[in-house]
Amino acid sequence: MSRPLKVAVQMDPLGAIDINGDSTFAMMLEAEARGYELFVYQVETLTLSEGRVSPDGSRLERLVARARRVHVQRVKGAHATFGEEQVLDLGGMDVILMRQDPPFDMAYITATHMLEHVHGVGPGRALVVNDPAAVRNAPEKLLVTHYPDLMPPTLVTWDIRAIHDFRARWRDIIVKPLFGNGGAGVFRIREDDPNLNALLEMHFARSREPLMIQRYEPAVRQGDKRIILADGKPIGAIDRVPAEGEARSNMHVGGRAVKASLTPRDMEICAAIGPMLREQGLIFVGIDVIGEWLTEINVTSPTGLQEIDRFDGVNTAGLLWDCILARLGGNG
């Protein structure tokens, strides 16, 4: 590609991020280093309007967002320099990074439908990473259920009796909302914990969604491993160790990142799911492995790039951009 790549990043406000931990920022820094043109916008500014005609004569929908050109640098307090706000034709981009955080609610799902109007490679199209239809069809706590041999005992249900039966069998369980992130709303319930009924009543009073229940894996005390896959192939991993007295390992709630290596079991898991990820256009994926078990396949806005780079001396963002370029068929 003779001109710089044009990249739009759909994300939460750039000014509030942790520049030393945010994976979207790592992707943007690498894009800046490669001379790509970077734009940022928030999902709330997306607008889908009347159709337009593409250069080849076909009719396309017009998808725009209120965006700003941006330059980024790793300087705390001065990490982003913005241009004037403009109405950006997203069909004129080469790549759109869909990186806003969940919750994976109807607003999130609607945004995937809107982005489908421009997703693709060619005139009037932009490669959306990850493929919006695949993201919509792959909620991270449900996609994993297609691989029962890789996951711990798991239940997805509204049925309170089934949840009690599951705890009676496995005694120590984890209760998770299906569409949250960052460990929010995740509880460990032991065999003698009297709070299960109250927890279920509270959840179902405010939500029509089922819950995911999994057997508690004591191996989490040694780390909940986050493995990053680029177009279906593992490129690095970290262990996230829970804080003392905490069942959750997410770094949002005090989990500590430590260096990790890929075990034969990790490679077996990656080999089993990799072809599906590539086929569905899920280029940037983070999976969670506790001990021998795959617990989640994260496809919305996975994190962990900067931690892996610091421990392993690699450039995970560069490897991801290389995969994106391969999909575009160019060397930008």
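How far is the sulfur of cysteine 323 from the closest cysteine sulfur, and in which residue does that sulfur sit? The views below start there; keep in mind that the model is predicted.

**View 1. Cysteine 270 and cysteine 323 stay unpaired.** The sulfur of cysteine 323 is 13 Å from the closest cysteine sulfur, which belongs to cysteine 270. Looked at from the other end, cysteine 270 has its closest cysteine sulfur in cysteine 323, again at 13 Å. A disulfide needs the two sulfur atoms within 2.5 Å, so this pair is too far apart for a bond. The disulfide count for the structure is zero. As for their surroundings, cysteine 270 is buried, with just 2% relative accessible area. Cysteine 323 counts as buried too, at 19%, because the cut-off for buried is under 20%.

**View 2. Helix 1 crosses helix 9.** Here we have helix 1, residues 23-33, and helix 9, residues 316-328, with axes that come within 9 Å and cross at roughly 70°. That angle makes helix 1 roughly perpendicular to helix 9. The crossing is right-handed. On the helix 1 side, look for Ala26, Met27, Glu30 and Ala31. Facing them from helix 9 are Ala317, Gly318, Leu320, Trp321 and Ile324. Sorted by class, this contact has seven nonpolar residues, one polar and one charged.

**View 3. Helix 5 packs with helix 6.** How is a pair of packed helices described? By the angle between their axes and the distance between the axes. For helix 5 and helix 6 (residues 196-206), the angle is about 145° and the axes are 12 Å apart. Helix 5 passes helix 6 in a right-handed crossing. Helix 5 brings Ile160, Ile163, His164 and Arg167 to the contact, and helix 6 brings Leu196, Asn197, Leu200 and Phe204. The class tally for this contact is five nonpolar, two polar and one charged.

**View 4. Arginine 171 has a positive phi.** Zoom in on the loop between helix 5 (160-170) and strand 9 (173-177), where arginine 171 is found. Its phi is about 70°, a positive value although arginine 171 is not a glycine. Is arginine 171 buried or partly exposed? With 49% relative accessibility, arginine 171 counts as partly exposed.

**View 5. Aspartate 231 also has a positive phi.** This residue sits in the loop linking strand 12 (224-230) with strand 13 (233-241). Aspartate 231 is not a glycine, yet its phi is positive at about 50°. Aspartate 231 is buried, with a relative accessible area of 15%.

**View 6. A cis peptide bond joins valine 129 and asparagine 130.** Omega for this bond is about 5°. Asparagine 130 is placed in the loop between strand 7 (127-129) and helix 3 (132-136). Hang on to asparagine 130 for the next view, since valine 299 touches Asn130.

**View 7. Valine 299 is buried in a loop.** The loop in question runs between strand 16 (293-298) and helix 8 (305-312). Valine 299 has 1% relative accessibility, so it counts as buried. Which residues does valine 299 touch, leaving aside those up to four places away in sequence? They are Asn130, Val135, Ala138, Glu140, Leu143, Leu282, Phe284 and Val285. As for alanine 198, it is 101 residues from valine 299 in sequence, and the two C-alpha atoms are 31 Å apart.

**View 8. Arginine 62 sits in strand 4.** That strand covers residues 59-72. Arginine 62 is partly exposed, with a relative accessible area of 29%. What separates the C-alpha atoms of arginine 62 and glycine 124? The gap in space is 9.4 Å, while along the chain they are 62 residues apart.

**View 9. Proline 13 sits in the loop between strand 1 and helix 1.** Strand 1 spans residues 6-10, and proline 13 is found in the loop that joins strand 1 to helix 1. At 45% relative accessibility, proline 13 counts as partly exposed. Histidine 79 is 66 residues from proline 13 along the chain, and their C-alpha atoms are separated by 13 Å.

Definitions and conventions. Residues are numbered from 1 along each chain as its sequence is written. This is a predicted model: local features need pLDDT of at least 70, side-chain atom pairs count only at pLDDT 80 or more; totals for chains, interfaces and linings use all residues. Side-chain values use heavy atoms; hydrogens and water are left out. Buried means under 20% relative accessible area, exposed over 50%, partly exposed in between (1.4 Å probe, protein chains only). Axes are lines fitted to C-alpha atoms, for helices over the stretch in contact, and angles run from 0 to 180 degrees between N-to-C directions. Helices (H or I, at least four residues) and strands (E, at least two) are DSSP runs, numbered from the N terminus. Angles under 35 degrees count as roughly parallel, over 145 as roughly antiparallel, 65 to 115 as roughly perpendicular and the rest as oblique. A crossing is left-handed if the near helix is turned anticlockwise from the far one by less than a right angle, and right-handed if clockwise. Contact means heavy atoms within 4.5 Å. Ala, Val, Leu, Ile, Met, Phe, Trp, Tyr, Cys and Pro count as nonpolar, Asp, Glu, Lys and Arg as charged, and the others, Gly among them, as polar.
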